[in-house]
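Subject: Handing over the two-chain model

Dear colleague,

I am passing on the structure we spoke of, and below it you will find an account of what came out of the analysis. Please read the account with the structure open beside it.

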Amino acid sequence: MGIGTYILVSLVKIAIALLVLLTAVAYTTLLERKVVAHIQNRWGPSRVGPFGIWQPLADGLKFIFKEDLTPPYVNKPLYLLAPVVALTTALTSIAVIPIGPWIKLGSINTPLQIADVNIGLLIILGVTSVGVYGVALAGWSSNSKYSMLGGLRASAQMVSYEIALGLSLIGVLIFAGSFSLRDIVDSQAGTWLGFIPKWNLFKGQFVAFFIYIMAAYAETNRIPFDLPEAETELVAGYHTEYSSMKFAMFFMAEYANMVTVACLASILFLGGWSGPVFGPPIVQSLLPVFWFALRVFAFMFIYIWVRGTLPRFRYDQLMAFGWKFLLPLAIANIVVTSLVVALK
Amino acid sequence: MLPLVLFFIFAALCVGGAINLLVQKHPINSALSLIVVMGSLALIYLLLGAEFVAAVQVIVYAGAVMVLFVFVIMLLNAGVEERTEHASRVATVLGVPGLIIGLSIAVWVVSHLAGLDRIAIGGPTVMNGSDVFGNPQAIGRLLFRDFLLPFEVTSLLILIAIMGAVVLARREE
């Protein structure tokens, strides 16, 4: 493959990935409103199209036409920079996530992934750790007490839970022996006894899986860990002073991060895109993507389910849970996993 | 050719960020400049073929250490810094350029003596025949086999520092 074709194929993949990701983000908001509504015995959006199917488009239009207000007391450069940082980092991590095996289109043979890099997992961790600045700077530059408290809570929470999150992944890395997400998926291929898939979840990493899920909920500031935007005490937390499209950028960043976390959970613990493949060649090349999307959808659904069910933690409970429970548990998981691998 | 061009771009970004760090009057702007410095350093590591070190540089320094810096600045609500009135004129004008020239000469001499100037920019350097320099396996082998004792001693040192910080920060009962 020549350099020209390579760049062309990459650009096409970037365009498709962005389009799919942003559509997924838009429709997750609809899914969330519908599911939470049904949990609470309501109907949810039902006016715009059948089942409210065009509601995300209406919301998007509304955000664009709202007045873009910049309060006079803010630190303007950082106030403008914060939503850009939040959304850019949230969209960047999708670049290294593989959504299926290699595909062949005519003479072009390409992986279903924008960039297949050998430190994929580390890149995602690095990009998300830089994403904290979006929230922290938004809180500080808004020059308002609610934003400030929200920003402080968010940065403390994200830094604390990042440690538990990173340590929970070590067990998976020990099994795969590689940071490449594609290698991690390949290391989970095959089955025991013909029907139990060799997913990391079933290889004894279920403790790590639950640590990862809980830390990831805290990283994405979702209920029950949504202290940074606890509306009963902080109005809207770090994005209180933002309006119109700038507010929408924080919103999109949060949902894009949820999608990334769901993709990563499927890749690391649930075997990525593994599943039965059958039928004609075109179906065979698309079925893995479908299995992958199914897992991601399940994770998004659980996110919403949890939101509709659980109350919010208190701040001291949140910190104690992260440092005194998740972190020791993650370290214990590393010790046990490496002992098992070493003695095998 | 391309790695060299990229090297100069990121090196310029790095030095620019460092100068901006000193020039800026508000601590939060200085902290953000330091993040730019950390980020461009990570990209330079990447050009040297040390992708693991580059990722760790971003995760640890740009992502964790600097977040704590920003956090402290936000928490203390540190204002614009004040300047002293009677600074030495000679030091202001000649201080930084003099330091840069002196340090560059020192680095050039030392690297020549040690033969380090022959490490090529771009592409992995092969070490010990089999290990590719800078990949996770090679770093793991160096840290946990060849240099295990220094590594453990450093860990102990950091643990002592953490415990010291906790003792100092704890409120008197």
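A helix here is a DSSP run of H or I that is at least four residues long, and helices are numbered from the N terminus. With that in hand, A:Ser180 can be placed in the loop between α6 (170-176) and α7 (181-186) of chain A. Please keep in mind throughout that this is a predicted model.

To stay with that loop for a moment, A:Ser180 has 19 other C-beta atoms within 10 Å and is therefore partly exposed, since a residue counts as buried only if 20 or more lie within that distance. Leaving aside neighbours within four places in sequence, A:Ser180 is in contact with A:Asn118 and A:Gly120. A:Glu241, by contrast, is 61 residues from A:Ser180 in sequence and 40 Å from it in space, C-alpha to C-alpha.

Two other loop residues of chain A deserve a look for their backbone angles. Most residues other than glycine have a negative phi. A:Asn41, in the loop between α1 and α2 (55-65) of chain A, nevertheless has a positive phi, near 60 degrees, and A:Asn221, in the loop between α8 (206-219) and α9 (231-234) of chain A, has a positive phi of about 55 degrees. Are these two asparagines buried or exposed? A:Asn41 is exposed, because there are 6 other C-beta atoms within 10 Å of its own, whereas A:Asn221 has 22 such atoms within 10 Å and is therefore buried.

Turning to the packing of helices, α1 (residues 3-39) and α10 (residues 244-269) of chain A meet at an angle of about 105 degrees, and their axes are 9 Å apart. That angle makes α1(A) roughly perpendicular to α10(A), because the range from 65 to 115 degrees is counted in this way. On the side of α1(A), the residues that take part are A:Leu21, A:Ala24, A:Val25, A:Thr28 and A:Thr29, and they meet A:Met252, A:Tyr255, A:Ala256, A:Met258 and A:Val259 in α10(A). Sorted by class, this contact has eight nonpolar residues, two polar residues and no charged ones.

Several of the α10(A) residues in that contact return in the largest nonpolar core, which has 110 residues. The residues with the most contacts inside this core are A:Ala86, A:Ala136, A:Tyr212, A:Ala215, A:Met252, A:Ala256 and A:Val259, and the largest share of the core, 18 residues, comes from α10(A). A:Met252 touches A:Val25 and A:Leu87, if residues up to four places away in sequence are not counted.

A:Met252 also leads to A:Ala90, since the C-alpha atoms of these two residues are separated by 8.4 Å although they are 162 residues apart along the chain. A:Ala90 is found in helix α3 (residues 76-92) of chain A and, with 27 C-beta neighbours inside 10 Å, counts as buried. Beyond four places in sequence, A:Ala90 is in contact with A:Gly131, A:Ala253, A:Ala256 and A:Asn257.

A similar look at A:Tyr161, in helix α5 of chain A, shows a residue that counts as buried because it has 26 C-beta neighbours inside 10 Å. Its contacts, apart from neighbours within four places in sequence, are with A:Ala215, A:Ala218, A:Glu219 and A:Gly322. A:Tyr161 and A:Leu326 are 165 residues apart in sequence, yet 8.5 Å apart in space from C-alpha to C-alpha.

As for the interface, 17 residues of chain A are in contact with 16 residues of chain B. On the side of chain A, α4 (120-141) and α5 (145-168) each supply at least two residues, and α4(A) gives the most, with nine residues. By class, this side has 12 nonpolar and five polar residues, and no charged ones.

Chain B itself comes to six helices and two strands, which follow the pattern α-α-α-α-β-β-α-α along the sequence. Its domain assignment gives domain 1 (1-79 + 110-120) and domain 2 (135-173), and 23 Å separate the centres of these two domains of chain B, taken over C-alpha atoms. Of the 173 residues in chain B, 16% are buried. Among contacts in chain B with a separation of 6 or more, 54% join residues 24 or more positions apart.

With best regards

Technical notes
Residues numbered from 1 in each chain as written. Chains lettered and ligands numbered in written order. Predicted model: local features only at pLDDT ≥ 70, side-chain atom pairs only at ≥ 80, totals over all residues. Domains from an automatic or database assignment. Contact = placed C-beta atoms within 7 Å. Nonpolar A, V, L, I, M, F, W, Y, C, P; charged D, E, K, R; others polar. Axes fitted to C-alpha atoms, helices over the stretch in contact; angles between N-to-C directions. Parallel < 35°, antiparallel > 145°, perpendicular 65-115°, else oblique. Core = buried A, V, L, I, M, F, W, Y, C linked by C-beta atoms within 7 Å. Buried ≥ 20, exposed ≤ 12 C-beta atoms within 10 Å, placed from the backbone.
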